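Please work through the exercises below with the sequence and the structure open beside you. Try each task before you read its solution.

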2 protein chains.
Amino acid sequence: MRTVEWDYENNHLQLIDQRLLPGEFRILRIEDSQQAGMAIRDMVVRGAPAIGAAAGFGMALAGMRSKANTVVELIAELNQAAEELKSARPTAVNLKWAVDRLIKTVHDSEGDDPERLRIDILRAAQQIADEDVAINMRMARHGADLIHDGDTIIHHCNTGALAAVDWGTALGVIRMAHQDGKKIHILVDETRPRLQGSRLTAWELEQYGIPYDIIPDNAAGYYLQTGAAQKVLFGADRVAANGDVANKIGTYKLALAAFDNSVPAYCVAPTSTIDRDTARGDMIPIEDRPQAEVLALTFEGRPAAPENASARNPAFDITPERLVTAIVTENGIAFPPYLTSLSGLFG
Amino acid sequence: MRTVEWDYENNHLQLIDQRLLPGEFRILRIEDSQQAGMAIRDMVVRGAPAIGAAAGFGMALAGMRSKANTVVELIAELNQAAEELKSARPTAVNLKWAVDRLIKTVHDSEGDDPERLRIDILRAAQQIADEDVAINMRMARHGADLIHDGDTIIHHCNTGALAAVDWGTALGVIRMAHQDGKKIHILVDETRPRLQGSRLTAWELEQYGIPYDIIPDNAAGYYLQTGAAQKVLFGADRVAANGDVANKIGTYKLALAAFDNSVPAYCVAPTSTIDRDTARGDMIPIEDRPQAEVLALTFEGRPAAPENASARNPAFDITPERLVTAIVTENGIAFPPYLTSLSGLFG
């Protein structure tokens, strides 16, 4: 199934509960928009496109569950649900994009039948999900041509089917290259603190039959400096107009190490991730996440930090465009200078 | 107390049991040289200088516990203890160095009084420990002058009292700057995979009353690019003649991020760590450690990697000298070009 999928029989949203992977595969039923917001906040679902699709269906749920008898009442409730959903994760631009797109659907709709509006919203949410899959497959196709037979690829975080509705971004490229018959090996950054690499990317690679080794994030520099890796791939949570990339914490250091060893570092992101209203990466707000995510580790069965230790946990960093070799989108591959090449992708 | 300390009242060795930190502080009594060997093998004590000092006292214990009535008998027993101790961690160079130094003491000793010889050995072991402390304090004194009031410092791995007899290297510098009355804040790289930062460095900083936050190693780049950190400090496992630094995995990426943001990155290491016979860092062999250290994590109580996942786990990387702002030793601070400045430290 897809990571984010509407159940038309029972009229609810289904999400793969990513908090339980890789140990357990479980589908979570989401019954209303509050639950959708919580699932986004609690990272049942994560990854910018998946969050966008989940929020879209969250709006559909807001419509479904509303008891409003008039379009005016329904729109008021939808506007409130939109604000709540958008506040679930501040950095993910797809979240805002998807919710705003549904609000536009609401305002563009004609007539005074709330039931009709409810159906329009669900249809628009489904369209966001379907478009995401189509876009990701086009992105994977473009990106796969950059991968060579025999490449060892360092991959950061999870950017696969689990981060999207299906296929994903950087991991979609890897999956497509593998389907093309290229022999590749993946060095999976475990991606502290939430370990999306060792938990989710490793799990996905096993599903696809792609050979991999998990590495501590600290080790990526070693494999780049010894010439063991030929490519670095990552996704993006937001791309600024100048090509600066906001992505999972640690991407910046990884890209620095790639650059220092003349290894190409490719960002794979749909055009919906490109925020043309944000001139530079340093204008992108960075989410601070709970310190418990850092401190909850145990080591050999014992606590890995002092009892009252404090921690800091920024979720993203900014990789300056000078370190990004190319940005792969569904509309083609952008090379520096990005200000013009990214604009070109929008036609 | 010191990490490695002789109890003159009860005539035994005391070690802080580092396997239990930070959850529990327990002093382990070591009553004979066999127990000393086991403590080294089981990593009750770790860090090259601490291992050397513990082995020295292990030799003293071999003398104490021996029932030999003649010097000849005693020397035979000491030789056997020396072999056993050296085999505890066959690669630790300080271990062999310390044991061999005590064997030399034995052979240099005159007279035929075994009691006198026992005292000479203990005195020589104590001297090894005291020299280590004296060297570290001189190093800390030099380094502390580089730290400014108000600095936020990113620190990698554990380089403190727990890695030595007392004081340590980079963390010794931090402790001295704090004692000097400078207000400093430490961002503690948790240091995957063995988490020496969150387990040991954070614990030490609490003992000294120095404020800190633990960060995922991935987050160091963020704090450097946002201007939140003014210094980067780390130790060394080996320094090549040209100034390349072999240190705990992840040091290279950390130094890259410091360099990219014009933040000074200081290596703190005694001259015994400088290997003038090794021309460059890429000639230093890198130890591969067990993959279990990477894969043993749990996340929110669940396995953090697929059941049959494989991992790679290099213990060190090489930080090229161009990224190292200065190397702090007990004999002074070396600046680039290191080929000449490091030589100068040996007089």
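The exercises that follow concern a predicted model, and each solution goes step by step.

**Exercise 1. Describe the overall build of chain A: which secondary structure does chain A have, and how does its radius of gyration compare with the globule rule?**

Step 1. Begin with the secondary structure of chain A, which consists of eleven helices and 16 strands.

Step 2. Turn next to the radius of gyration: the value for chain A is 20 Å, close to the 20 Å that the globule rule gives for 347 residues, so chain A is as compact as a globular protein of that length. Along the principal axes, its C-alpha atoms fill a box of roughly 65 × 55 × 40 Å.

Step 3. Consider burial and contacts, where 63% of the 347 residues of chain A count as buried. Among the contacts in chain A with a separation of 6 or more, 74% are between residues 24 or more positions apart.

Step 4. Finish with surface and charge. Chain A has an accessible surface of about 12,400 Å², and carbon and sulfur atoms contribute 49% of this area. Its side chains include 34 positive and 47 negative ones, and the centres of these two sets lie 1 Å apart.

**Exercise 2. Decide whether helix α9 of chain A is enclosed or open, and state where a positive phi follows this helix.**

Step 1. Locate the helix, which covers residues 251-260 of chain A.

Step 2. List its buried residues, which are A:Thr251, A:Tyr252, A:Lys253, A:Leu254, A:Ala255, A:Leu256, A:Ala257 and A:Ala258.

Step 3. Draw the conclusion: eight of the ten residues are buried, so helix α9 of chain A is largely enclosed by the rest of the structure.

Step 4. Look just after the helix, where A:Ser262 takes a positive phi of about 55°.

**Exercise 3. Find cis peptide bonds and positive phi values in loops of chain A.**

Step 1. Look at the bond from A:Leu21 to A:Pro22, which is cis with omega near 0°; A:Pro22 lies in the loop between β2 (12-16) and β3 (27-30) of chain A.

Step 2. Move on to A:Pro336 and A:Pro337, which are joined by a cis peptide bond with omega about 0°. A:Pro337 belongs to the loop between β16 (332-334) and α11 (338-345) of chain A.

Step 3. Examine A:Asn11, a residue other than glycine whose phi is positive, near 55°. A:Asn11 sits in the loop between β1 (4-7) and β2 of chain A, and its relative accessibility of 31% makes it partly exposed.

Step 4. Set beside this A:Cys157, which is not a glycine and yet has a positive phi of about 65°. A:Cys157 is in the loop between β4 (152-155) and α6 (170-179) of chain A, and with a relative accessible area of 6% this residue is buried.

**Exercise 4. Determine how chain B is related to chain A, and which residues B:Leu20 and B:Ala304 are in contact with.**

Step 1. Superpose the copies: a rotation of 174° with 0.6 Å of shift along its axis brings chain B onto chain A, with an RMSD of 2.0 Å.

Step 2. Compare the interface residues. Of those in chain B, 100% are also interface residues in chain A, so the copies meet through the same surface.

Step 3. Take B:Leu20, located in the loop between β2 (12-16) and β3 (27-30) of chain B. B:Leu20 counts as buried at 9% relative accessibility, and, apart from neighbours within four places in sequence, B:Leu20 is in contact with A:Arg302 and B:Arg26.

Step 4. Take B:Ala304, located in the loop between β13 (302-303) and β14 (316-319) of chain B, where a relative accessibility of 3% counts as buried. When neighbours within four places in sequence are left aside, the contacts of B:Ala304 include A:Pro22, A:Leu195, A:Ser198 and A:Arg199 from chain A, and B:Leu297, B:Thr298 and B:Phe299 from chain B.

**Exercise 5. Characterise the surroundings of B:His155.**

Step 1. Place B:His155 in strand β4 (residues 152-155) of chain B.

Step 2. Judge its burial: the relative accessible area of B:His155 is 0%, under the 20% limit, and therefore B:His155 is buried.

Step 3. Inspect the residues that B:His155 touches beyond four places in sequence, among them B:Ala170, B:Leu171, B:Ile174, B:Asp189 and B:Leu233.

Notes. Residues are numbered from 1 along each chain as its sequence is written. Chains are lettered from A and ligands numbered from 1 in the order in which they are written. This is a predicted model: local features need pLDDT of at least 70, side-chain atom pairs count only at pLDDT 80 or more; totals for chains, interfaces and linings use all residues. Side-chain values use heavy atoms; hydrogens and water are left out. Helices (H or I, at least four residues) and strands (E, at least two) are DSSP runs, numbered from the N terminus. The radius of gyration is taken over C-alpha atoms; the globule rule is 2.2 Å times the number of residues to the power 0.38. Buried means under 20% relative accessible area, exposed over 50%, partly exposed in between (1.4 Å probe, protein chains only). Contact means heavy atoms within 4.5 Å. Accessible areas come from the Shrake-Rupley method with a 1.4 Å probe; for residues, only the protein chains shown count as cover. Lys and Arg count as positive and Asp and Glu as negative; His and the chain ends are not counted. The place of a charge is taken as NZ of Lys, CZ of Arg, CG of Asp or CD of Glu. Copies are superposed by least squares on the C-alpha atoms of residues with pLDDT of at least 70 in both.
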